[in-house]
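Student: Could we go through this structure together, taking each descriptive word and setting the value behind it against its definition?

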Amino acid sequence: MKIATWNVNSLRARADRVEDWLHRAGADVLAIQETKCKDENFPWELFESNGYEVAHFGFSQWNGVAIASKVGLTDVERTFSGQPAFGKGGKDPVQEARAIAATCNGVRIWSLYVPNGRALDDEHMPYKLQWLAELKDQAAGWLADDPQAQIALMGDWNIAPRDEDVWDMDFFIEQGLTHVSPPERAAFAAFENAGFSDVVRPLHPGPGTYTYWDYTQLRFPKKEGMRIDFVMASPALAARVTGAEIDREERKGKGASDHAPVIVELG
DNA sequence: ATGGTCGCGAGGCGA
């Protein structure tokens, strides 16, 4: 079984590419981030006509997460328990469309779009850190309840856990950029301490192995990317991994998402 | 080439 995650940066703008990719990659399960649409605009038929069940969580033009599966899709959950809400400028806080779960052939899949901290001193940064801390507490609880649980926390984590996960660490430090700060890395490491592991890195080590390239500054042709999309697997799921791929080809050409799909093969 | 990007939705924001 192949499970994959992909921040598509708008599903409607990428519909043809997504359909082609599903055929080419042969993914059984795809966790999608940044659908950027509401249910009423969601391209249901794109998935159904290709043999996938699909569940979506999106209520505006921002964020939006989905799971498509050829191998069953049950117990759909939108937001995780305790997921922090965010309110801009005194507005009522809302739980954003950043997390959806479903069980697919015995694997609990979470499609996650971790908040972007925007800047080290921005109010979105504490929101991001709390969001991750609450998710980690939940995930640790799932494992405590069932140490054999097969859980995949997959998506756009908006964190580069190691210096080699960005194209120039000095640039990030000089510019005071996010994704590489000690608090963000600690938030990520907490998942590893809870028993989850990045199952792609051992098969595709760095440096120079990235999943995201900014649209600007010719970052992709210059090979200046970031590794920020991860499949974090519970121990029982990690034990099943037989292969992995970062589909850098999909980042090429006109009409590409700025993220590449990440695929994990299970035995 | 001294600027170089997208998407949403219809101006500016978010990434």
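Tutor: What follows is a set of questions on why particular words are applied to parts of this structure.

Tutor: This is a predicted model, in which local features need pLDDT of at least 70 and side-chain atom pairs count only at pLDDT 80 or more, while totals for chains, interfaces and linings use all residues. Residues are numbered from 1 along each chain as its sequence is written, and chains are lettered from A and ligands numbered from 1 in the order in which they are written.

Student: How do you know whether the radius of gyration of chain A agrees with that of a compact globule?

Tutor: The radius of gyration is taken over C-alpha atoms, and the globule rule is 2.2 Å times the number of residues to the power 0.38. For 267 residues the rule leads to a value near 18 Å, and chain A has 17 Å, which agrees. Along the principal axes, the C-alpha atoms of chain A fill a box of roughly 50 × 45 × 40 Å.

Student: What makes Glu34 buried or exposed?

Tutor: A residue is buried if 20 or more other C-beta atoms lie within 10 Å of its own, exposed if 12 or fewer, and partly exposed in between, with C-beta atoms placed from the backbone. Glu34 has 26 other C-beta atoms within 10 Å, and therefore it is buried. Its place is in the loop between β2 (29–33) and α2 (44–48), where helices (H or I, at least four residues) and strands (E, at least two) are DSSP runs, numbered from the N terminus. In chain A as a whole, buried residues make up 41% of the 267 residues.

Student: Which residues are in contact with Glu34, leaving aside its neighbours within four places in sequence?

Tutor: Two residues are in contact if their C-beta atoms, placed from the backbone, lie within 7 Å. With those neighbours left aside, the partners of Glu34 are Asn7, Val8, Asn9, Ser10, Asn63, Gly64 and Tyr113. The C-alpha atoms of Glu34 and Asp156, which are 122 residues apart along the chain, are separated by 9.3 Å.

Student: Why are Asn9 and Ser10 called partly exposed?

Tutor: Asn9 has 17 C-beta neighbours inside 10 Å and so counts as partly exposed; Ser10, with 14 such neighbours inside 10 Å, therefore counts as partly exposed too. Asn9 lies in the loop between β1 (2–7) and α1 (15–25), and Ser10 is in the loop between β1 and α1 as well. Most residues other than glycine have a negative phi, and most peptide bonds are trans. Asn9, although not a glycine, has a positive phi of about 50°, and Ser10 has a positive phi near 90°. A cis peptide bond, with omega about 0°, joins Gly206 and Pro207.

Student: How do you know that the buried residues of α1 are on the same side?

Tutor: The buried residues of α1 are Val18, Trp21 and Leu22. They cover an arc of only 105° around the axis, and so they are on the same side of α1; the arc is that of the directions from the helix axis to the C-beta atoms. The face turned away from the buried side of α1 carries the exposed residues Asp16, Asp20, His23 and Arg24, whereas the buried residues pack against β2 and α2.

Student: How do you know whether the span of α5 agrees with what is expected of a helix?

Tutor: The expected span of a helix is 1.5 Å times one less than its number of residues. For the twelve residues of α5 (residues 182–193) this should be 16 Å, and the end C-alpha atoms are 16 Å apart, which agrees. Its buried residues are Glu184, Ala187, Phe188 and Phe191. They cover an arc of only 90° around the axis and are therefore on the same side of α5, while Pro182 and Asn193 are exposed on the other side. Among the elements covering the buried residues of α5 are α3 (124–145), β8 (151–156) and β10 (229–233).

Student: Which residues are around DNA strand B?

Tutor: A residue is near a molecule or strand if its C-beta atom, placed from the backbone, lies within 6 Å of it. The residues around DNA strand B include Asn9, Ser10, Arg12, Lys36, Arg118 and Tyr215.
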